[in-house]
Structure formats: structure tokens, C-alpha cells
Amino acid sequence: MYAVVGCSECSNLWIIEGRSETTQCPRCGARKAYEKRKKFVETDDASHARDVRASMLANRQGEGEAFAELDSFDALEDEVADGVVDDDEYLAESGLDVDEVSAAGERDPRGPTRSGSKKEIVERALEDLERPTEDEIVDYAGERGVSAEYVRDALEKLVGRGEVSESRGRYRRL
């Protein structure tokens, strides 16, 4: 069962499925017993409830006549579903080579060996390497496309936040 209900506080209209003891307005948060809510229509059909609510909102805006000329939500959804163009068709009609675009999407512009964000790479170095030095972390991250300057700044921040400790030039996660 679906009901189009209204809020007496803010005049919002929404659809409720089923019958709970209380309902809460999604706009203002006003809570009332279900039985005390103004029910504009009760139906077993969700589409009918959507159409009634949409019609009421259109009438509120003075667009009732324009809304009356539209098809129901179900008809509009069917029309859209039939008219959807998939990505490959769209690219081909735009004059682009679909295979070339797919290949470009699979390439990583940051380089073939980098995986993860710069921060994740620095953190992974701390996990993968046994009590590494700063230079070892810089080398590890450098192989994955992360600059030495970024690594040093990240290590400083991680130590400052207490996530990593540094002792005698060696780092470890806490």
C-alpha cells in the first residue's frame, strides 16, 4: 500500500510505503502518527502514487496544464529505456575510435608501476620494508612514481601525528 501524504508544518508532499505507526517528514523532520497525517490518496500501485504526487506538485506551481500533457512516469521510463544510447555507440557516432578510447582508459598516466595514492604508497613502504631508512622509503616510493620531496613531507606528517615513529634514522608504523 502506498499513500501520498502531506506535512502540516512545511507542506511537503511525499509517498509512504506500508503503514508504520509514526511518520517523519523528510524535509522538516516533524513526526506524527500515521493516522493523523493527511492522506491525499491511498493505492496499491506505486506508479499511481508517484503520478498523483507529481500532479499535486505541478498544480502547486501553477503548471497543472503542462503536467496533464505529459505521459505517466511508467510511460516516460519505458520511453527513456528504449532510447538510451550505450557508450560504444555514442563514441562511434561522435567519430571516435572505440577501441582506442578503451585502450586509453586502461593506461595509467602516472606510469605503469604506480598503484594507489602517493600517501598509500608511502604507507605501504613502511609496511613492506623492515624498519626502513628514509632513503629506502624514498627509493621504494620513487619506483612507484612518488617524488622524494613528497615522501619526506609525508613521513614528517606521519611522525607528527604519531602514526609512525622514527628512531636512529629508521621508521616503523605504530
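The exercises below work through helix packing, cysteines, backbone angles and single residues in a predicted model.

**Exercise 1. Helix α6 against helix α7**

Task: Find how α6 and α7 are oriented to each other, and which residues make the contact.

Solution:
- Step 1. Locate the helices. α6 covers residues 118-128, and α7 covers residues 134-142.
- Step 2. Take the geometry. The two helices pack at an angle of about 125 degrees, and their axes are 9 Å apart.
- Step 3. Classify the angle. Roughly perpendicular ends at 115 degrees, and roughly antiparallel needs over 145. α6 and α7 are therefore oblique to each other.
- Step 4. Add the handedness. The crossing of α6 past α7 is right-handed.
- Step 5. List the contact. On the α6 side stand I121, V122, R124, A125, L126 and D128. On the α7 side stand I137, Y140 and A141.
- Step 6. Sort by class. The contact of α6 with α7 has seven nonpolar residues, two charged and no polar ones.

**Exercise 2. Helix α6 against helix α8**

Task: Repeat the analysis for α6 and α8, residues 148-160.

Solution:
- Step 1. Take the geometry. α6 and α8 pack at about 70 degrees, with axes 10 Å apart.
- Step 2. Classify. The range for roughly perpendicular is 65 to 115 degrees. That makes α6 roughly perpendicular to α8.
- Step 3. List the contact. α6 supplies K118, K119, V122, E123 and L126. α8 supplies Y150, V151, A154, L155 and L158.
- Step 4. Sort by class. The contact of α6 with α8 holds seven nonpolar and three charged residues, and no polar ones.

**Exercise 3. The buried side of α6**

Task: Which residues of α6 are buried, and what covers them?

Solution:
- Step 1. Pick the buried residues. They are I121, V122, E123, A125 and L126.
- Step 2. Name the cover. It includes α7, α8, β6 and β7 (170-173).
- Step 3. Look at V164 in β6, the strand of residues 164-167. V164 touches L126. Beyond four places in sequence, its other contacts are L158, V159, Y171, R172, R173 and L174.
- Step 4. Check the accessibility of V164. Its relative accessible area is 2%, so V164 is buried.
- Step 5. Compare sequence and space. V164 and E123 are 41 residues apart along the chain, and their C-alpha atoms are separated by 9.4 Å.

**Exercise 4. Two cysteines without a bond**

Task: Why do C10 and C25 not count as a disulfide?

Solution:
- Step 1. Recall the chemistry. A disulfide is a covalent bond between the sulfur atoms of two cysteines.
- Step 2. Take the distance. The cysteine sulfur closest to that of C10 belongs to C25, at 3.6 Å.
- Step 3. Apply the cut-off. A disulfide needs sulfur atoms within 2.5 Å. The C10 sulfur is therefore too far from that of C25 for a bond.
- Step 4. Turn to the partner. C25 is in no disulfide, and its nearest cysteine sulfur is that of C10.
- Step 5. State the total. The structure holds zero disulfides.
- Step 6. Add the surroundings. C10 has 21% relative accessibility and counts as partly exposed. C25 has 2% and counts as buried.

**Exercise 5. Positive phi at S11 and R131**

Task: Where do S11 and R131 lie, and what are their phi values?

Solution:
- Step 1. Recall the background. Most residues other than glycine have a negative phi.
- Step 2. Read S11. Its phi is positive, near 70 degrees. S11 sits in the loop between β1 (2-6) and β2 (13-17). At 40% relative accessibility, S11 is partly exposed.
- Step 3. Read R131. Its phi is also positive, about 40 degrees. R131 sits in the loop that joins α6 and α7. With a relative accessible area of 35%, R131 is partly exposed.

**Exercise 6. Placing G18 and S102**

Task: Describe the location and accessibility of G18 and S102.

Solution:
- Step 1. Place G18. It lies in the loop between β2 and β3 (22-24).
- Step 2. Read its accessibility. At 23%, G18 counts as partly exposed.
- Step 3. Find its contacts. Beyond four places in sequence, G18 is in contact with M1 and Y34.
- Step 4. Relate G18 to α6. The C-alpha atoms of G18 and K119 are separated by 48 Å, and their positions lie 101 residues apart along the chain as a sequence separation.
- Step 5. Place S102. It belongs to helix α5, residues 98-106. At 38% relative accessibility, S102 is partly exposed.
- Step 6. Relate S102 to D88. They are 14 residues apart in sequence, and 9.4 Å apart from C-alpha to C-alpha.

Definitions and conventions. Residues are numbered from 1 along each chain as its sequence is written. This is a predicted model: local features need pLDDT of at least 70, side-chain atom pairs count only at pLDDT 80 or more; totals for chains, interfaces and linings use all residues. Side-chain values use heavy atoms; hydrogens and water are left out. Axes are lines fitted to C-alpha atoms, for helices over the stretch in contact, and angles run from 0 to 180 degrees between N-to-C directions. Helices (H or I, at least four residues) and strands (E, at least two) are DSSP runs, numbered from the N terminus. Angles under 35 degrees count as roughly parallel, over 145 as roughly antiparallel, 65 to 115 as roughly perpendicular and the rest as oblique. A crossing is left-handed if the near helix is turned anticlockwise from the far one by less than a right angle, and right-handed if clockwise. Contact means heavy atoms within 4.5 Å. Ala, Val, Leu, Ile, Met, Phe, Trp, Tyr, Cys and Pro count as nonpolar, Asp, Glu, Lys and Arg as charged, and the others, Gly among them, as polar. Buried means under 20% relative accessible area, exposed over 50%, partly exposed in between (1.4 Å probe, protein chains only).
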